[in-house]
Every structure is written in structure tokens, then in C-alpha cells.
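Please walk through this structure with the following explanation at hand, which goes from a sheet to its helices, then to a helix pair, a further strand and the cysteines.

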Amino acid sequence: MKSFSDSYKAAGVDVTAGYRAVDLMKKHVARTKTDGAISSIGGFGGLFQPNLTGMEQPILVSGTDGVGTKLKIAFLLDKHDTIGIDCVAMCVNDVICVGAKPLFFLDYIAVGKNYPEKVAEIVSGIAEGCVQSGCALIGGETAEMPGFYPVDEYDVAGFSVGLVDRKKMIDGTQMKAGDAIVGIRSSGVHSNGFSLVRKIFNIDESSARRYVPEFGKTLGEELLTPTKIYVKAVESLLSACPVKAISHITGGGFYENIPRMMTDGLTAKIEKAAVPVLPVFEVMAKTGNIPERDMFNTFNMGVGMCVAVDKNDVHKAVAAIEAAGEKAVVLGEIVSGDEGVILC
């Protein structure tokens, strides 16, 4: 018999809603099962048995993140089935920057009130993100926290663990002047800078549902476009040619993230004309009168990931990325210097 407490329910926590949420999410979790996943939802720990065959020095790589204030858009539109993709993406896209393959994911969902169907909707997106990245959803936590969150709001966070052989790790040490920088197109704003986004558009339910001709959809629909998951594109790239360095373009845009893949004495020289700036960024800059420097220092501007490869491997790199279904663009080159990033 499952537990039940009238006193706890009177305090705002309905444990039976938690059981219902778990039952509803099981079909979504089942979609993510991989060979190494050996646990079932509901236990105290998520279990995974990695395949270490052929690895000389297996290294675990972890990444954790949340969705941030993009959730406010989901609340306004009462749409919760894609926000989980963002959560997975923000974690696995970091893990693959060192060449690791994501193995599994765990989520944490904190709610003001547990509406089982809503929680299951959130988890459906998390499961989709796991499917896209080839990792298993092996556990998580749903915490009902009355008085801490409004009853119709929630927060979502998670973490992923990946695996790479030490000799195959990507750390930027092989980069040299003359290497090429290839960008992989983003799907939109992704999950960063939404405090500024919401300020620019003064977002409420009315503005979120307003049709924007430049987007071909409503503002809310554009902003809720899920973060691109780059796992398959990077795996394809790694099988095609040596990769010197990888940078996930998140909050902080070009100026903060690209230098994270650079080594001392080298600078990324980016041709602004080569950046495939998406309409959403053009509209934001115009609407909010945001300086170009601030745009490139906050948003991905249409490029969600940058990779450095030998200039002779550019065609191979672009072909491999596009073979995985993504769009690639040559952004510039690595030059001598310690400026981090130069946009010209």
C-alpha cells in the first residue's frame, strides 16, 4: 500500500500526486533506455554500467545546468513539453566539448504544486532531449515546495555524465595559428540571456502570443524554440577529422565562451559577415536598441557551437556536420595574440 498523509496534504504536499506523476512519466523514460541503463524509475539511485571496451584511461565528464528564466515564457503560454529539451541540451552540449559521449542524465523538477500531467509533460521534453543525445534518463527528483514556488510555476535543472578515453580528450593544446573556426548553426536564442530578452520585449501573455512577421510565428513560439543538441553532429565530426577545440556558445556569447577553448598566445578571429545572424537577434537589437558588442557578449547570434580544425580539414568538417543534419559555416581562423576573440 502506498503512503498517504492527510496532514502533509493539508500543508500543501500531496504524495499521491507524486506517485501519479511517476506513473505518467514512465513511458517517456522508457524511450531513453540504452544498453548501459540498468535502473528503473523510483529507486534511490540511478544505475549505469558503462562499456569500457578498448578504453585505456576512461575519464568521466560531467555537466550540470538549468533552463533559467526561459521558463517564464513556458508559464505564460502554458506549454511545457519542450523546456526539458533545453535542460538536457545545456548539459550534454558542455560534455561533448571535451570529446565525451553522454551516457546518462538525471533531472530535478521543483514545483509549487504537483500537477502530475504537467510534470509528465516536462519529463516528455527531457526524454526527447535524451533521445536526441543518445543518453539514458536513469533517475530524477520531483520536489513539491508549497510556499516556495507559486503554484503554477516550477524550476528545472539536471546533469549529465559522459565518457571519453584520455588520449581522445579535446583540450585545445593542439591548436595553432592558421587553424580554421567552423560554427554550427543554432536554432534560436537557446536558453541564455532571457532576463535581457524579457526586458527587451516587455513580455507578458499578450506580447508572447503576438504574431511576428519576421519569425513567421508568435513571439512566444520563437522564444520557446528548443536549444539545439549537438551530440550527433560532434560525433560525426570526430569520426571525420581531428578536432582541435570545441566551444559551446551559451550565456556570455562569443566574447566569453570562445576564449574558453583558446590556449595562451592564440586568438579567435571571427568575420562578422560570416555569422549567420538569425532574425530573432536582429529584432532584439533593434527593439531594445542593444549595442552590437552587447549582443555578441550575451547571445549565440545564430551559432550554437564553434570548433577549431586544421585549415586543410575544413571541407571534411563541414561535410560531417551537415551529414548529421546540422548547418555549418566557416567563421574565421586562429591567429597569434592574447585578445581571446576579435570580431572584424
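The paragraphs below take up these parts in turn. The coordinates are those of a predicted model, and every statement should be read with that in mind.

A convenient place to begin is the open sheet, in which 4 strands follow one another in the order 1-4-2-3 with mixed pairing. Its edges are formed by strand 1 (58–66) and strand 3 (136–144), each of which pairs on one side only, and from one strand to the next the twist averages 15°. Strands of a sheet pair through backbone hydrogen bonds, and they may do so in either the parallel or the antiparallel sense. For strand 2 and strand 3 the sense is parallel, and the pairing extends over 8 bridges.

One bridge of this pairing joins Val111 to Glu144 of strand 3. Helix 4 (residues 83–95) packs on the sheet, where it touches strand 1, strand 2 and strand 4 (154–165), and its direction makes about 30° with that of strand 4. Helix 5 (residues 116–133) also packs on the sheet, but it touches strand 2, strand 3 and strand 4, and its direction makes about 165° with that of strand 2.

Val111 itself repays a closer look, since it belongs to strand 2, which covers residues 101–111. Is Val111 buried or exposed? Val111 counts as buried because its relative accessibility is 3%, which lies under the 20% cut-off. Leaving aside residues up to four places away in sequence, Val111 touches Val119, Ala143, Glu144, Met145, Tyr149, Glu153 and Tyr154. As a reference for distance across the model, Val111 and Arg260 are separated by 149 residues in sequence and by 34 Å in space, taken from C-alpha to C-alpha.

Turning to the helix pair, helix 9 (residues 231–240) and helix 13 (residues 314–323) pack at an angle of about 145°, and their axes are 8 Å apart. The crossing of helix 9 past helix 13 is right-handed. Helix 9 contributes Ser236, Leu237 and Ala240 to the contact, while helix 13 contributes Lys316, Ala317, Ala320 and Ile321. Sorted by class, the residues of this contact are 5 nonpolar, 1 polar and 1 charged.

The next element is strand 9 (residues 266–270), which is largely enclosed by the rest of the structure because 4 of its 5 residues are buried. Strand 9 is joined to strand 11 (residues 328–336) by 5 bridges, the two running antiparallel, and to strand 12 (residues 341–343) by 3 bridges, in this case running parallel. Ala268 illustrates both pairings, as it stands opposite Ile334 in strand 11 and has Val341 as its bridge partner in strand 12.

Finally, how many disulfides does the model contain? The count comes to 0. For Cys97, the closest cysteine sulfur is that of Cys306, and because the two sulfur atoms are 10.0 Å apart, they are too far from each other for a bond; the cut-off for a disulfide is 2.5 Å. Seen from Cys306, the closest cysteine sulfur is likewise that of Cys97. Both residues count as buried, Cys97 because its relative accessibility is 12% and Cys306 because its relative accessibility is 0%.

How values were computed: Residues are numbered from 1 along each chain as its sequence is written. This is a predicted model: local features need pLDDT of at least 70, side-chain atom pairs count only at pLDDT 80 or more; totals for chains, interfaces and linings use all residues. Side-chain values use heavy atoms; hydrogens and water are left out. Buried means under 20% relative accessible area, exposed over 50%, partly exposed in between (1.4 Å probe, protein chains only). Contact means heavy atoms within 4.5 Å. Two strands pair if DSSP finds at least two bridges between them. Axes are lines fitted to C-alpha atoms, for helices over the stretch in contact, and angles run from 0 to 180 degrees between N-to-C directions. A crossing is left-handed if the near helix is turned anticlockwise from the far one by less than a right angle, and right-handed if clockwise. Ala, Val, Leu, Ile, Met, Phe, Trp, Tyr, Cys and Pro count as nonpolar, Asp, Glu, Lys and Arg as charged, and the others, Gly among them, as polar.
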